[in-house]
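Dear colleague,

I am passing on to you the structure that we talked about, and you will find it directly below. Please look through it first, and then read the notes that follow.

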Amino acid sequence: MNEFFLNSAAAGVVLSLVSYFAGMEIKRRWKWAVLNPLLISIVLVVGFLVLFDVDYDAYNESARYLSYLLTPATVSLAIPLYQQMELLKKNMAAICIGILAGVLASLGSILALSVVFGLSHEEYVTLLPKSITTAIGMGVSEELGGYAVITTAAIIVTGVMGNMTAEHLCRVFRIKYAISRGIAIGSASHAIGTARAMEMGEAEGAMSSLAIVVSGLCTVAGAAVFAGVY
Amino acid sequence: MKYVKQFGIILGVTCAGEACKHLIPLPVPASIYGLVLLFSLLALKIIRLEQVKEAGVFLIEIMPLMFIPAAAGLVTSWGQIKGILLPLCVIVPFTTCFVMFAAGKATDCMLDRAGDSADSVAGRKDGEQHE
């Protein structure tokens, strides 16, 4: 099976697609909040790899055409953002303050909890960029002397959690406006959360896309400052 | 061929984003340069919406699928994670919720302060949302 995956340009993509559709079907049938299609598909893929003794690298190599699309897809987030430009222009101040609040909340709460848990400086800076998009976060972590592998793991778990809980949390927190929901989701859980925001509505999706970019860039600067604190 | 052309334009911008990353020594990924670039090209009307729309919307729709391979890779980093598993299990969920709360509430607050004039454009309020 391992050999097959290594030589197949389709097997990894097919496994991912089938798992995702299974996830959507399971979600449709049981309608339970924790049954997030993305989470189910990840569990199914990992289960398959373990069960049939396939190396992760063989699967990842075979699924590379799926990962390949991630950069152009992220670039395409400019399209909904452009379509919502009026919304952006008219609410510029609120949007900027909202994203800034998110960045400070992220850095501040990580600092506080790192002190509480007595994490080392390296572990602390590893977590600082956990709410931003993987490619920026890894770079920040490396630059500050953190463990990039753990940063990546924390970023992905953050994203999947955001994807799973965004809609419910926005309701629990009584976040009123579509703009605010988008900003909240993008600031907290980057592109993986944004995928969910897109399904919630056009304004949510566009604002979430914007929050990925702005909070990502603000965190580059903010994390450097916060790294000096603890 | 229309969709191929659209995809081609998006890939072209992606490529320009990669060039930016290559030339500018900042920890900013090609996708972010590309996003800002495509937004600027659309805003400046150098690229029209119809020239990228369908392909772009398709890519965004299937985006969740693209995270599966990377997320499944978490199993390979288990060895490094287990050392700080307990703090991670608290810090990651807590900060994710807290950031969502802080960013959402701050934006809500600012939109409210902007007053009724902004209400009409601030997007749907709760109750009108979702299906």
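In this model, which is predicted, B:Ala30 has a relative accessibility of 10%, and because buried means under 20%, B:Ala30 counts as buried. The residue belongs to helix α2 of chain B, which covers residues 30–43. Apart from its neighbours within four places in sequence, B:Ala30 is in contact with B:Gly17, B:Glu18 and B:Lys21. From B:Ala30 to B:Tyr3 there are 27 residues in sequence, and the C-alpha to C-alpha distance between them is 23 Å.

Turning to the interior, the largest nonpolar core has 94 residues, and among those with the most contacts inside it are A:Leu38, A:Tyr59, A:Met207 and B:Leu42. Helix α14 of chain A (residues 202–227) gives the largest share of this core, namely nine residues. Domain 1 (1–68) and domain 2 (90–131) of chain B both contribute residues to this core, so it lies between them. If residues up to four places away in sequence are not counted, A:Met207 touches A:Gln84, A:Leu87, A:Leu88, A:Ile95, A:Ile179, A:Gly182 and A:Ile183. There is also a second, separate core of 14 residues, which includes A:Leu169, A:Phe173, A:Ile175 and B:Val99.

On the surface, B:Leu86, B:Val90, B:Phe94, B:Phe98 and B:Phe101 form a nonpolar patch, and together they have about 450 Å² of accessible area. B:Leu86 is placed in helix α7 of chain B (residues 85–114), and because exposed means over 50%, its relative accessible area of 61% makes B:Leu86 exposed.

With best wishes

Terms used: Residues numbered from 1 in each chain as written. Chains lettered and ligands numbered in written order. Predicted model: local features only at pLDDT ≥ 70, side-chain atom pairs only at ≥ 80, totals over all residues. Heavy atoms only, no water. Patch = residues over 30% accessible without salt bridge, like charges linked within 9 Å, V, L, I, M, F, W, Y side chains within 5 Å. Areas by Shrake-Rupley, 256 points an atom, 1.4 Å probe, with all protein chains shown as cover. Salt bridge = Lys/Arg side-chain N within 4 Å of Asp/Glu carboxyl O. Helix = DSSP H or I, 4+ residues; strand = E, 2+ residues; numbered from the N terminus. Buried < 20%, exposed > 50% of the residue type's maximum accessible area, 1.4 Å probe, protein only. Core = buried A, V, L, I, M, F, W, Y, C linked by side-chain atoms within 4.5 Å. Domains from an automatic or database assignment. Contact = heavy atoms within 4.5 Å.
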